[in-house]
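Colleague: I would like a close look at one part of this model, namely the sheets and the helices that pack around them. Could you take me through that part slowly, in connected prose?

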Amino acid sequence: MTSSNAFKQVNIETNSRLHLGFINLNSSTPYVYGGAGLTISGHPTIVNIKKCKQFESNLPKDITKKILTFLKKNHLSILIRIECIHRPENHIGLGTGTQFTLSIEELITKFYALKVKANIFNRRFRSGIGLNSYVKGGFIIDAPKKDLSQNKTVFHSKFPQAWKAILLFDNQKKGLHGKSEKKFFANNSSHNLRMKLSDITLNELIPSIIYEDFNIFAKSLTKFQKLNATFYSKVQKSIYLSNDINKIIKKISKKFTVGCGQSSWGPTSYIFVNSKNDLNEILPILDTSISMYNNLSYEVVSAKNNGRKLTYK
């Protein structure tokens, strides 16, 4: 691995993503997982690297240790400052960990002009949504895979900008992660969801994006999410990790045509709306409802139809 410092400074700003659910949760089939996801505006991860008189970093110690090990192993200068300028909270359903590790690896690759991509963290992805969101943005259907090193897409498209997503947050909850998550997937498999989830994906979700048919999108996404939620019933008691969010979404979905669900393990959940008119009617109801809880908040976001942003100096 050879290099020549092409830049004095590199900055990367990534996206966050919503993981809308898996397609195949039957681990006995040749290909497993696959799923649907959407890249969203807001909640970026921003990292920066530049030359320095000594190694400096504000990253966690376990991360800097792996970076230094990689640099020394490949005979690269450690006279750098590498820092995280902004990073969303971990384990809330926005895919922060994936975006962070991908951005650090690309930061190193670009800064040192490496001919081969820096593989610092050796991560393998059950879902390819985060990786493809990082590179492409937009709406993504991730292909089921034989092993976790594969990250191909079945379908990728721009998402209608008029359709907005209301994100709901619960600051008292954290989604399953780490060893607990690995153990869950190792010990759980579903044999009866694959055909239903595949059918919704192929015959409803994908066409509804192509034809920009919000009513079909909203109904099919909600069905897709409910089916996925049954797989997680051993961990969360309802469709949502947060019971408070569950109550809010039930109230809104009774009055409006919306697409609802939870991103990954949550607690971040979403309500997709079709137009500004619907949004303007929903937000006052949401304000009143959320004011009753100290732990809930919300934010309106759009789709982001492009990948991470790199800047150089």
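**Strand pairing and helix packing**

Modeller: A good place to begin is a single pair of residues: F22 stands opposite G35 in β3. Please keep in mind throughout that this is a predicted model. The strand β3 covers residues 33-40, and seven bridges join β2 to β3, the two strands running antiparallel. These two strands belong to an open sheet of four, in the order β2-β3-β7-β8, in which the pairing is antiparallel. At the edges of that sheet lie β2 (16-24) and β8 (153-157), each of which pairs on one side only. From one strand to the next, the twist averages 15°.

Two helices are placed against this four-stranded sheet. Helix α5 (residues 194-210) packs on the sheet and touches β2, β7 (139-142) and β8, with a direction that makes about 135° with that of β2. Helix α6 (residues 214-231), for its part, lies across β2, β3 and β7 and runs at about 70° to β2.

The other sheet to consider is also open, and its five strands follow the order β5-β6-β4-β1-β13, with mixed pairing. Here the edge strands are β5 (56-57) and β13 (309-312), each pairing on one side only. Within this sheet, strand β1 (residues 9-13) pairs with strand β4 (residues 46-51) in the antiparallel sense, over five bridges. If you wish to find that pairing on the display, look for I12, whose bridge partner in β4 is V47. Helix α2 packs on this sheet, where it touches β1, β4, β6 (80-86) and β13, and the direction of α2 makes about 25° with that of β4.

Helix α2 also leads us to a contact between helices. The axes of helix α1 (residues 61-73) and helix α2 (residues 96-111) come within 12 Å and cross at roughly 30°. The two helices are therefore roughly parallel to each other, and their crossing is right-handed. On the α1 side the contact is made by I63, I67, F70 and L71, and on the α2 side by F100, I104 and I108. By residue class, this contact of α1 with α2 divides into seven nonpolar residues, no polar and no charged.

A further helix pair can be described in the manner just used for α1 and α2. The axes of helix α7 (residues 243-255) and helix α8 (residues 276-290) come within 11 Å and cross at roughly 155°, which makes α7 roughly antiparallel to α8. This crossing, too, is right-handed. Helix α7 contributes I248, K251, I252 and K255 to the contact, while α8 contributes I282, I285, L286, S289 and I290. The residues of the contact of α7 with α8 divide into six nonpolar, one polar and two charged.

Finally, there are the aromatic rings, of which a search of the whole structure finds 23 pairs. One of these pairs is formed by F159 and F272, and it is tilted, with 5.7 Å from centre to centre and 50° between the planes. Because F159 lies in the loop between β8 and β9 (164-170), and F272 in strand β11 (residues 269-273), the pair ties together parts that are 113 residues apart in sequence. The loop that holds F159 thus brings us back to β8, one of the edge strands of the four-stranded sheet with which we began.

Key. Residues numbered from 1 in each chain as written. Predicted model: local features only at pLDDT ≥ 70, side-chain atom pairs only at ≥ 80, totals over all residues. Heavy atoms only, no water. Axes fitted to C-alpha atoms, helices over the stretch in contact; angles between N-to-C directions. Parallel < 35°, antiparallel > 145°, perpendicular 65-115°, else oblique. Left-handed = near helix turned anticlockwise from the far one by under 90°. Contact = heavy atoms within 4.5 Å. Nonpolar A, V, L, I, M, F, W, Y, C, P; charged D, E, K, R; others polar. Pairing = 2+ DSSP bridges. Phe/Tyr/Trp six-rings, centres within 6.5 Å; stacked < 30°, edge-to-face > 60°.
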